[in-house]
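Hello,

Here is the structure I promised to pass on. Please open it next to this message; my notes follow below.

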Amino acid sequence: MDECIKSVHRERLQVHYLNSIKRFGLDIAKKVHKFHQSFPDYSYTPLIDLKSLASTLGVKSIHIKDESCRFGLNAFKCLGGSYCIGTYIAEALGLEISELSYELIINDDVKRKLGDVTFVTATDGNHGRGIAWTANRLGLKSVVYMPKGSSEERLNNIKALGSNASITELNYDDTVRYANEAAAKNGWILVQDTAWDGYETIPVRIMQGYTTMGCETVEQLSGSIPTHIFLQAGVGAMAAALTGFFMDLYQGERRPIITVVEPNKADCFYKTAKKNDGTLQIVNGDMNTIMAGLACGEPSTIAWDILRDYADNFVSIPDWIAAKGMRILGNPSGDDKKIISGESGASTLGLAAEVMQNASLDWMREQLAINTNSKILCFSTEGDTDRLNYRRIVWDGLFPSF
Ligand SMILES: Cc1ncc(COP(=O)(O)O)c(C=O)c1O
């Protein structure tokens with residue numbers, strides 16, 4: 001029974017305020033947000049209140065943060081890459097990040113001081129596009145490697161930003177190792193969103209970049225505090241950064257229930273939580289899932305350190321749950337606004353809807369403690385970043401053949 005919804009619940013520990021979340025708390029997030037605001041194409045992404053859906057599903061509210069509008073790139077990921085490259089440049093110039101702005105970086109003098117820099121990364125699409133976009137905007141070079149089976153559309157979007165991008169014959173985690181070796185060989189800077197022992201500074205900065213989503217959301221919620229936050233995980237950087245951000249902000253009684261969501265085919269956090277013996281569990285192989293952004297088999301060490309202590313549930317889902325989320329968001333009821341949400345973006349809402357609608361999932365409603373008073377927050381982390389597959393799934397009900 002591999003293709004089904006599986007879940008591990010973790011009892012809350014009496015964790016004290018840890019440095020692991022402080023790094024993603026409001027103080028840092030405000031600095032990150034200010035840096036992003038200096039970009040000319042910056043604007044808040046919409047936080048959409050799906051009132052009709054909430055009433056249909058029997059919960060108090062459902063808010064979706066629509067990251068398809070982020071910097072015109074159709075996904076949230078560029079927040080991490082841009083902030084990380086910003087901190088690299090600030091350091092190279094001997095400045096604090098708070099002194100750096102987009103305007104300053106694109107100045108010719110600054111570019112001369114920086115010299116010939118190349119950033120390299122591995123990606124299933126969105127992170128690489130963010131790195132390519134940032135490098136392009138700042139007049140710097142980028143090299144992007146993608147795993148076997150990556151979408152041509154995603155590859156072309158990265159190439160269109162002037163990046164030297166290519167698809168490898170490797171799976172995601174081996175592509176990361178390949179990018180790391182290429183960086184060492186060529187003197188490039190590896191800007192990877194996942195962390196491992198000895199490689200932490202850059203992933204932390206990428207994760208800090210994601211906290212802009214948290215800052216905006218809190219402002220847009222105008223004082224309302226979500227009871228349930230669903231976060232999808234690939235290497236877990238986004239889920240952990242936002243968990244850190246919200247745990248720093250809402251402590252004690254106000255602490256929301258955090259549910260981490262992964263595809264069955266790449267459920268390394270679910271497996272790690274289930275094993276619960278202190279070892280990180282790895283998923284090998286091709287990880288054939290429609291949720292390309294979540295097809296990562298090795299947890300980021302920094303992400304696990306946070307999710308281990310603060311996530312309440314780890315859920316592994318089949319592809320059809322993500323497809324359900326895409327259809328619901330694209331075909332709203334009542335006055336709800338339509339959201340174009342891609343495979344990884346819609347996974348969390350798909351799960352929340354299924355849990356509320358499927359009578360055989362009573363056990364899970366109980367485990368997740370969702371009821372009529374629940375205020376649900378999901379992040380639609382991408383739009384239709386692979387338009388061909390979006391249509392195949394939503395129009396034809398077909399999944400890509402792997
Ligand atoms: C659209 C989308 N959502 C979520 C994620 C998961 O982010 P992370 O790898 O930080 O867990 C990704 C990763 O690429 C993604 O592209």
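Strand β5 covers residues 141–146 and pairs with β6 in the parallel sense, over four bridges. Bear in mind that this is a predicted model. One of the residue pairs to look at is Met146, whose bridge partner in β6 is Ile167.

Step back to the sheet as a whole. Four strands make it up, and it is open. Their order is β6-β5-β4-β7, with parallel pairing. Why do β6 and β7 each have one side without a neighbour in the sheet? Both stand at the edges, β6 as 164–167 and β7 as 189–190, and each has a single partner strand, so one side of each is left free of a neighbour there.

Now the ligand. Around it are 16 residues. The closest are Asn126, Gly234, Gly236, Met238 and Thr381. By class, this shell holds six nonpolar, seven polar and three charged residues.

Three contacts are worth displaying:

- Asn126: an N or O atom of its side chain is 2.7 Å from an oxygen atom of the ligand.
- Gly236: a polar backbone atom is 2.7 Å from a ligand oxygen.
- Met238: a polar backbone atom is again the partner, with a ligand oxygen at 2.9 Å.

How much of the ligand does the protein bury? Taken alone, the ligand exposes 390 Å², and the protein buries 99% of that. The space that the ligand takes is the largest cavity.

Best wishes

Notes:
Residues are numbered from 1 along each chain as its sequence is written. This is a predicted model: local features need pLDDT of at least 70, side-chain atom pairs count only at pLDDT 80 or more; totals for chains, interfaces and linings use all residues. Side-chain values use heavy atoms; hydrogens and water are left out. A residue is near a molecule or strand if one of its heavy atoms lies within 4 Å of it. A polar contact is a pair of N or O atoms within 3.5 Å; within protein, one must be able to donate a hydrogen and the other to accept it, and residues adjacent in sequence count only if both atoms are side-chain atoms. Accessible areas come from the Shrake-Rupley method with a 1.4 Å probe; for residues, only the protein chains shown count as cover. On a 1 Å grid over the protein atoms alone, a cavity is a set of points where a 1.4 Å probe fits but cannot get out, and a pocket is an open set with protein on both sides within 12 Å along at least five of seven lines; lining residues have an atom within 4 Å of a point. A molecule sits in a cavity or pocket if more than half of its atoms lie within 2 Å of its grid points. Ala, Val, Leu, Ile, Met, Phe, Trp, Tyr, Cys and Pro count as nonpolar, Asp, Glu, Lys and Arg as charged, and the others, Gly among them, as polar. Two strands pair if DSSP finds at least two bridges between them. Helices (H or I, at least four residues) and strands (E, at least two) are DSSP runs, numbered from the N terminus.
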